[in-house]
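Me: I've got a structure open and I'd like to know what the usual labels really rest on. Can we go through it together?

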Amino acid sequence: MDLDQLAALRTPDGSAALAAATEVAGGDPLAAAAALRSAGVTAGLAAAALTQAELRRRAVGKFGPAAAGMFLTRAGLEQATRGVVAARRADRLRAAGVRTLADLGCGLGADALAAARAGIRVYGVEADPVTAAMAAANAEAAGLADVFTVECGDATAFDVSSVDAAFCDPARRRAGTGRRIFDPNAYSPPWDFVTALADRVPHTVVKVAPGLDHSLIPAGAEAEWVSVGGDLVEAALWCGRLAEVPRRATVLKEGPPGNASGTGHHTSHQLTGSGAAEAAVGPVRRYVHDPDPAVVRAHLVAELAGELDATLADPTIAYLYADAPGATPFARCLEVTDVLPFSLKRLRALLRERRVGRVEILKRGSALEPERLRRDLRLAGPEAASLVLTRVAGAPTVLVCRPVTYPLDHEATAG
Ligand SMILES: C[S@@+](CC[C@H](N)C(=O)[O-])C[C@H]1O[C@@H](n2cnc3c(N)ncnc32)[C@H](O)[C@@H]1O
């Protein structure tokens with residue numbers, strides 16, 4: 001996609017081509033192109049419209065219904081923040097009193113649009129001309145062009161003295177190849193610029209890869225890890241006056257808001273702590289809790305252990321064991337029915353005896369390949385079980401478990 005193609009898509013003919021492409025997107029690409037051509041759309045416009053329609057279809061998972069009006073590139077969509085995460089961040093910025101924000105490397109504008117929707121005036125800067133033009137088109141399509149404006153240029157040269165807050169989500173993929181960059185010094189804008197921003201703007205947020213090395217967290221910053229539906233999606237550094245705690249795990253789950261704060265159809269649950277505490281170690285107990293990846297990455301397993309009155313069975317492995325099942329959004333709970341030193345023969349015999357034909361396999365601290373194990377077990381029977389492959393005090397161990405359903409099994413039977 002180039003600037004001329006984007007401009008063509010934004011004409012009345014382009015809108016009609018996009019509408020026609022939306023009808024046929026997702027099916028056979030050759031038939032879709034032929035349908036547009038027979039409706040009188042030129043070959044170039046048809047190709048651009050079909051690409052957009054296809055990207056919009058893929059973007060629904062990230063942006064929901066808003067995807068239908070957005071202009072997208074493949075690379076921009078891959079790097080864009082999910083709507084629910086961007087909305088939550090925007091709400092927090094707004095609640096901290098932020099009224100004006102510089103988005104330094106705004107991409108297609110997913111974060112900037114969320115901030116603008118939250119009532120923040122956003123100044124976006126984007127180095128890539130097509131991406132910048134698309135971000136501006138997205139602001140217009142969302143009816144936010146007066147509160148989110150985009151300048152095409154180098155974010156490192158932007159004068160941040162006039163804004164309340166700065167946000168930077170540096171590119172972590174190489175332009176052209178799209179390959180992931182793991183070394184923060186190769187991010188764009190560069191890591192030095194990003195980390196120095198906090199000295200210039202007292203409210204600064206930086207989005208980073210969830211695999212970020214803890215040693216790179218600037219002193220005094222809050223590091224937050226975010227999961228959506230159990231998938232770890234990103235980390236963010238809240239700097240300066242925005243830092244509230246050393247570490248935070250934010251777990252976003254689909255469903256109606258209970259005690260937690262609602263964001264769209266998601267509820268947000270927060271666990272905070274120092275990130276330096278260590279959980280106590282003890283024996284395997286009746287219930288095992290598998291912490292959410294945001295909790296594990298934020299080094300908040302000890303804090304969760306405190307909430308669940310739980311202990312580890314191995315100091316290096318994040319499964320938590322307790323005498324009672326914990327109804328927590330921060331972990332999945334299973335009831336342990338058997339504990340075996342790992343032996344394929346013994347496990348196969350036990351599952352045969354129990355007539356287990358289906359297993360889900362969880363693992364931490366085990367080199368076993370779940371699919372290979374599943375084949376080797378040669379399961380047969382009507383029952384289901386959960387297998388947890390792990391280590392207990394250093395020894396390879398398998399826990400045979402059954403899931404605890406909510407409301408908790410014992411409450412359901414007691415009631
Ligand atoms: C990860 S993306 C931003 C995604 C955005 N937060 C969103 O959710 O839609 C990073 C963007 O920064 C841009 N970029 C990289 N270096 C830049 C620089 N020095 N100045 C301005 N933009 C830059 C890239 O072109 C890319 O579009």
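Reply: Sure, and keep in mind that this is a predicted model. Helices here are DSSP runs of H or I with at least four residues, and strands are runs of E with at least two, numbered from the N terminus. Counted that way, the chain has 14 helices and 17 strands.

Me: What makes a residue "buried", and what share of the chain is buried?

Reply: A residue is buried if 20 or more other C-beta atoms lie within 10 Å of its own. Of the 415 residues in the chain, 41% are buried.

Me: Why is strand 16 called largely enclosed?

Reply: Strand 16 covers residues 383–392, and 7 of its 10 residues are buried, so the rest of the structure largely encloses it.

Me: How do you know that strand 16 pairs with strand 15 and strand 17?

Reply: Pairing needs at least two bridges found by DSSP. Strand 15 (residues 356–363) and strand 16 have 7 bridges, in the parallel sense, and 7 bridges also join strand 16 to strand 17 (residues 395–403), this time antiparallel. So both cases satisfy the definition. You can look for Glu-360 opposite Ser-386 and Ile-361 opposite Leu-387. On the other side, Leu-389 has Val-398 of strand 17 as its bridge partner.

Me: What lies between the strands in the hairpin of strand 16 and strand 17?

Reply: There are 2 residues between them, and Ala-393 takes a positive phi near 45° in this hairpin.

Me: Why are strand 12 and strand 15 said to stand at the edges?

Reply: They belong to an open sheet of 7 strands with mixed pairing, in the order 12-13-11-14-17-16-15. Strand 12 (311–312) and strand 15 each have a single partner strand, so one side of each has no neighbour in the sheet.

Me: Now the helices. What describes the packing of helix 2 and helix 3?

Reply: An angle and a distance: helix 2 (residues 12–24) and helix 3 (residues 29–38) pack at about 145°, with axes 10 Å apart. Their crossing is right-handed. The contact is made by Ala-17, Ala-20, Ala-21 and Val-24 of helix 2 with Ala-32, Ala-35 and Leu-36 of helix 3.

Me: How do you know which class the residues of that contact fall into?

Reply: Ala, Val and Leu are among the residues that count as nonpolar. The contact therefore divides into 7 nonpolar, no polar and no charged residues.

Methods:
Residues are numbered from 1 along each chain as its sequence is written. This is a predicted model: local features need pLDDT of at least 70, side-chain atom pairs count only at pLDDT 80 or more; totals for chains, interfaces and linings use all residues. Axes are lines fitted to C-alpha atoms, for helices over the stretch in contact, and angles run from 0 to 180 degrees between N-to-C directions. A crossing is left-handed if the near helix is turned anticlockwise from the far one by less than a right angle, and right-handed if clockwise. Two residues are in contact if their C-beta atoms, placed from the backbone, lie within 7 Å. A residue is buried if 20 or more other C-beta atoms lie within 10 Å of its own, exposed if 12 or fewer, and partly exposed in between; C-beta atoms are placed from the backbone.
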